[in-house]
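Please open the model in your viewer and keep the sequence panel beside it. The tour goes from the whole chain to a few selections.

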Amino acid sequence: MELSRNLLNLLSFYCEYDHIANIIFICMVGIVGIILVWSRGGKHRGNRTGLPLGSMGWPFIGETLEFISCGYSSRPESFMDKRRKLYGKVFKSHLLGSPTIVSTDPEVSRVVLQNDGRIFVPSYPKSLNELMGKSSILMLSGNLQKKLHGLIGGFLKSPQLKEQITVDIEKYILSSMTNWKNDQLVYIQDETKNIAFHVLLKALMSLSHGNDMEYLKQEFRKFISGLVSLPVKLPGTRLYNSLQAKTRMVKMVQRIIEEKRASYATCTYPSPPKDVLDVLLQETNDLAEQYFPIDVICDNMIDLMIPGEDSVPMLMTLAVKFLTDCPLALQQLREENMKLKKAKEQEKEKLTWSDYTSLPFTQNVITETLRMGNIITGVMRKALHDVEIKGHFIPKGWCVFTYFRSIHLDKDFYECPYKFNPWRWQEKDPIGSNFIPFGGGQRLCPGIDMARLEASIFLHQLVTQYR
């Protein structure tokens with residue numbers, strides 16, 4: 001599973017440094033550690049055959065400041081575009097404290113993603129490592145990560161969840177929209193954050209509206225505020241406050257786990273899992289013992305809340321923005337969804353998961369929003385040993401930044417890439433190396449289908465009820 005924008009913007013590293021303190025930290029890192037990395041990378045800065053062209057920038061700070069500066073501009077990819085013209089689609093740089101190979105080549109990026117755990121491992125800022133912990137699905141590698149990812153992904157695509165989650169998403173969206181009044185300003189991103197968080201908590205732990213939900217929401221927002229921050233755990237710092245928030249969240253998850261275990265004891269036969277927590281608690285090893293330790297389950301329940309705060313709300317919000325700027329697309333979307341609504345009303349049937357996701361133009365709108373919005377702009381990996389991909393040498397210990405945004409906005413792959421054009425997907429298959437909205441390989445986001453469903457239902461209700 002990959003993280004996503006603003007925070008994943010765990011995956012958008014330039015947006016994550018939105019505070020002056022973080023920029024100062026990047027500069028000072030050279031004093032305490034980067035000088036070692038710089039000297040270690042020095043042996044590769046010569047003319048070694050196969051090492052991509054590029055610049056390592058200034059001593060200690062590399063090209064980090066320009067990278068961050070471009071992140072605040074209207075076109076964050078300008079940092080990459082400038083170097084692509086000089087050095088090609090794969091180039092070397094020095095970013096965020098590490099010598100880095102930047103890939104804006106879809107084939108190279110796909111090889112990196114598909115070799116996670118064997119040749120490459122996740123590489124994240126120190127504060128993020130501290131907050132997530134070693135047992136996080138974002139940090140794990142090998143069989144445990146595969147097991148965890150497979151169980152979560154399998155449940156999120158299961159028939160029993162599809163039926164229930166469709167009803168839940170409809171309920172939360174309609175409940176939110178009933179509060180929208182004429183001539184009242186509606187903040188779409190705030191509304192979608194609340195909707196997505198409630199939907200995700202229901203899928204993860206069967207948590208509904210109430211004090212527990214509100215408590216988790218408040219604590220979670222304190223938690224994510226320190227995901228990328230100064231790696232200082234003194235009282236009062238963002239990292240310290242975030243760690244304290246996580247501790248409180250873990251205690252609540254532990255209480256929910258104990259309540260679930262008590263309910264299991266009253267059942268004569270094991271009941272099918274109702275949520276992700278059930279799936280992880282009921283998984284056993286060859287000795288019929290619980291497979292996952294409680295701390296692993298708690299950590300991952302919290303980590304899996306991230307898409308509900310950032311990536312899914314961003315997808316829905318950007319879809320509304322792009323449709324507002326493209327009246328023709330909005331009109332076709334409304335006509336398609338009104339046709340479905342009327343057909344279901346005549347048949348007196350409720351809309352199902354397959355009804356929502358089978359609307360071709362609606363899915364094209366979502367796909368184009370993912371391409372232009374770049375909810376996940378890229379991911380960072382670290383090479384475990386020297387490796388060569390398509391003639392590009394990647395030294396051991398170097399980071400590889402697979403930058404999806406440049407791929408999605410590359411005119412070699414997309415005609416008029418900065419134009420919102422959902423019709424381009426009528427003849428273009430989104431399953432390909434040139435379209436990587438949710439990462440790839442064994443860390444492909446396990447909630448892809450649910451994210452698309454949520455966006456589909458939101459757009460359906462929006463265009464059939466409002467003009």
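How much accessible surface does the protein chain have, and what share of it belongs to carbon and sulfur atoms? The accessible surface comes to about 20900 Å², of which 54% belongs to carbon and sulfur atoms, with areas computed by the Shrake-Rupley method with a 1.4 Å probe and, for residues, only the protein chains shown counting as cover. This is a predicted model, in which local features need pLDDT of at least 70 and side-chain atom pairs count only at pLDDT 80 or more, while totals for chains, interfaces and linings use all residues. Residues are numbered from 1 along each chain as its sequence is written, and side-chain values use heavy atoms, with hydrogens and water left out.

Begin with the whole chain, coloured by secondary structure, where there are 20 helices and 7 strands (DSSP runs numbered from the N terminus, helices being H or I of at least four residues and strands E of at least two). Of the 467 residues, 56% are buried (under 20% relative accessible area, with exposed meaning over 50% and partly exposed in between, for a 1.4 Å probe and protein chains only).

Next, select Met205, Phe223, Met301, Met305 and Phe458, which touch the most other members of the largest nonpolar core, a set of 98 residues. Such a core is a set of buried Ala, Val, Leu, Ile, Met, Phe, Trp, Tyr and Cys residues joined through side-chain atoms within 4.5 Å. A second, separate core of 15 residues includes Val90, Val387, Phe393 and Ile394.

Now move to helix α16, residues 327-347, whose 21 residues should span 30 Å at 1.5 Å a residue (1.5 Å times one less than the number of residues), and whose end C-alpha atoms are 30 Å apart, in agreement. Its buried residues are Ala329, Leu333, Arg334, Glu336, Asn337, Leu340 and Lys344. They lie on the same side of α16, because they cover an arc of only 170° around the axis (taken from the directions from the helix axis to the C-beta atoms). On the face turned away from that buried side, look for the exposed residues Pro327, Leu328, Lys339, Glu345 and Gln346.

Finally, select strand β1, residues 90-95, which is largely enclosed by the rest of the structure, because 6 of its 6 residues are buried. Val90, Lys92 and His94 are on one side, and Phe91, Ser93 and Leu95 are on the other. β1 pairs with strand β2, residues 98-103, in the antiparallel sense over 6 bridges (pairing requires at least two DSSP bridges), and Ser93 stands opposite Thr100 in β2.
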